[in-house]
Amino acid sequence: MFIGVPKEIKNNENRVAMTPASVMTLVQAGHKVVIEKNAGLGSGFEDEAYIQAGAEIEVDPVGIWEKVDMIMKVKEPLPSEYVYFRKGLILFTYLHLAAEPELAKALVEKEVTAIAYETVQVGRTLPLLTPMSEVAGRMAAQIGAQFLEKPHGGMGILLSGVPGVKRGKVTVIGGGVVGTNAAKIAMGLGADVTIIDVSPERLRQLDDLYGTDIQTLISNPLTIAESVAESDLVIGAVLIPGAKAPKLVTEDMIRAMKPRSVVVDVAIDQGGIMETVDRITTHDNPTYIKHEVVHYAVANMPGAVPRTSTIALTNVTIPYALQIANKGVKNALTENGALELGLNTAAGSITYEAVAKDLGYPFVPVTEALAKG
Ligand SMILES: NC(=O)C1=CN([C@@H]2O[C@H](COP(=O)(O)OP(=O)(O)OC[C@H]3O[C@@H](n4cnc5c(N)ncnc54)[C@H](O)[C@@H]3O)[C@@H](O)[C@H]2O)C=CC1
Ligand SMILES: CC(=O)C(=O)O
């Protein structure tokens, strides 16, 4: 199979979909890889290293999109890239379609076979989302701490406190991968941490892990309202796979927070869990103030630590890319139920139920769509 890797064009997105080691794996298996010139630079990988590994380098992104069987990316294509979509193209990347109706429409209209990293599922885990959730969760606590500082717009508190002065309070809503990693770093910073989740089983696991060092609470509007009102930093980390994030933190709850407290809505890539998160922010301009609360809503947080993130991401994506390349996309999807769950669009249909429901499309099961295409 011929696989292409364009340079990422989202604001401050320095990750890349393949490392030179990834190229070597695919080339040694008999496949061809083309990388856009300088695509790896932001992650510290020079073109020369890709050439040594067996890749071609192409200056023009158009050339890449037009000649390959499969495009691998990190972030969802931006509108300027929709013109490259065509029937038969395989796209393997993060998509977050429930929050991207225009992208979904373009993929459906052009009959692209689009596999979303974030919905590939093994049992109850999302193996291609996990490493980036680990990164974003850890970043969320340190970013929150930074924006609580006065020069960054915050109320001017140190999460650890000091002897004789109270610690800061952090509430993490959603106790999965992002939530657990955020809590771990917030605890390390010395904060008083509460984790709220809808799953009693998950809260038990967290209690076994951290004991009395954290407070666990079941998720309902009352526990969320009380905990948010008392917090200096609130981190949004809820996910219902594929679906638009539920708005669990209402505008009134944000109004009840202390002036210049901070919210970091990591779930923004699925639309965000806070009603007052009405826009996606960028690494260039990451925060805005609403009801006197500092809001952070960057949808590509791991893009700021690209060296760590690119290696962590490609560690998990390349084995799946190899299956697609070796077997062809239809066989790879049919033979691997985890990958099949990653398919979001094919043959002009939406093939992931939660996405179809949220965007108002008919849901077409994968087998039916593949039989058409
Ligand atoms: N902004 C960014 O740069 C990044 C964003 N993310 C996003 O972060 C979000 C969380 O991802 P993960 O932690 O990997 O998901 P996960 O599936 O590991 O965890 C989600 C948790 O939310 C809980 N949950 C579901 N409904 C709830 C409710 N009503 N109240 C409280 N908890 C509830 C689940 O029980 C689960 O424990 C996703 O939207 C993901 O795409 C991930 C990486 C980077
Ligand atoms: C998960 C995701 O969207 C990201 O890492 O940017």
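Q: Hi! What's the mix of residue classes in the shell around ligand 1?
A: Hi! In this predicted model, the shell around ligand 1 has 20 nonpolar, 9 polar and 4 charged residues.

Q: And how many residues surround ligand 1, and which are the closest?
A: There are 33 residues around ligand 1, and the closest are Ser133, Gly176, Val178, Ser219 and Met301.

Q: Which elements give two or more residues to that shell?
A: Those are H5, H6 and strand S8, which covers residues 192-197.

Q: OK, so what about H5 and H6 themselves, how do their axes sit?
A: Helix H5 is residues 130-147 and helix H6 is residues 177-188. Their axes come within 7 Å and cross at roughly 35°.

Q: Is the crossing of H5 and H6 right-handed or left-handed?
A: H5 passes H6 in a right-handed crossing.

Q: Which residues meet there?
A: From H5 you have Thr130, Ser133, Glu134, Ala136, Gly137, Arg138, Ala140, Ala141 and Gln142. They meet Val177, Val178, Gly179, Thr180, Asn181, Ala182, Ile185 and Ala186 in H6. By class, this contact has 8 nonpolar, 7 polar and 2 charged residues.

Q: Switching to ligand 2. Which residues are around it?
A: Around ligand 2 are Lys75, Tyr94, Glu118, Leu129, Met132, Asp269, Asn300 and Pro302. By class, that shell has 4 nonpolar, 1 polar and 3 charged residues.

Q: What does UniProt list as "active site"?
A: The UniProt entry, which is unreviewed, lists His96 and Asp269 under "active site". They span 174 residues in sequence, yet their C-alpha atoms are no more than 6.4 Å apart, so they gather at one spot.

Q: Where is His96?
A: His96 is in the loop between strand S5 (90-93) and helix H4 (101-109).

Q: Is His96 buried or exposed, and why?
A: His96 is buried, because 23 other C-beta atoms lie within 10 Å and the cut-off for buried is 20 or more.

Q: What does His96 touch?
A: Not counting residues up to four places away in sequence, His96 touches Glu76, Glu118, Asp269 and Gln270. Two of those names may ring a bell: Glu118 and Asp269 are also among the residues around ligand 2.

Q: And where is Asp269?
A: Asp269 is in the loop between strand S11 (262-265) and strand S12 (287-290). Asp269 counts as buried, with 27 C-beta neighbours inside 10 Å. Leaving aside neighbours within four places in sequence, Asp269 is in contact with His96, Ala99 and Ala299.

Q: New topic: what's the phi of Asn12?
A: Phi of Asn12 is near 55°, a positive value in a residue other than glycine. Most residues other than glycine have a negative phi.

Q: Where do I look for Asn12?
A: Look in the loop between strand S1 (2-5) and helix H1 (20-28). Asn12 is partly exposed, with 15 C-beta neighbours inside 10 Å.

Q: And what is the phi of Asn38?
A: Phi of Asn38 is near 65°, again a positive value in a residue other than glycine. Asn38 is found in the loop between strand S2 (32-36) and helix H2 (47-53). With 14 other C-beta atoms within 10 Å, Asn38 is partly exposed.

Q: Back to H1 for a sec. Which residues are buried in H1?
A: In H1, the buried ones are Pro20, Ser22, Val23, Thr25 and Leu26. What covers them includes S1, S2, H2 and helix H10 (306-327). Just after H1, Gly30 takes a positive phi of about 95°.

Q: Where does Gly161 lie?
A: Gly161 is in the loop between H5 and strand S7 (169-173). Gly161 is partly exposed, with 14 other C-beta atoms within 10 Å.

Q: How many residues apart are Gly161 and Gly137 in sequence?
A: They are 24 residues apart in sequence, and 22 Å apart in space, C-alpha to C-alpha.

Q: Last one: what does Gly373 touch?
A: Not counting residues up to four places away in sequence, Gly373 touches Thr113, Ala346 and Ala347. Gly373 lies in the segment after helix H14 (366-372).

Technical notes
Residues numbered from 1 in each chain as written. Chains lettered and ligands numbered in written order. Predicted model: local features only at pLDDT ≥ 70, side-chain atom pairs only at ≥ 80, totals over all residues. Axes fitted to C-alpha atoms, helices over the stretch in contact; angles between N-to-C directions. Helix = DSSP H or I, 4+ residues; strand = E, 2+ residues; numbered from the N terminus. Left-handed = near helix turned anticlockwise from the far one by under 90°. Contact = placed C-beta atoms within 7 Å. Nonpolar A, V, L, I, M, F, W, Y, C, P; charged D, E, K, R; others polar. UniProt positions renumbered as here; feature names shortened; annotations may be inferred. Buried ≥ 20, exposed ≤ 12 C-beta atoms within 10 Å, placed from the backbone. Near = placed C-beta within 6 Å.
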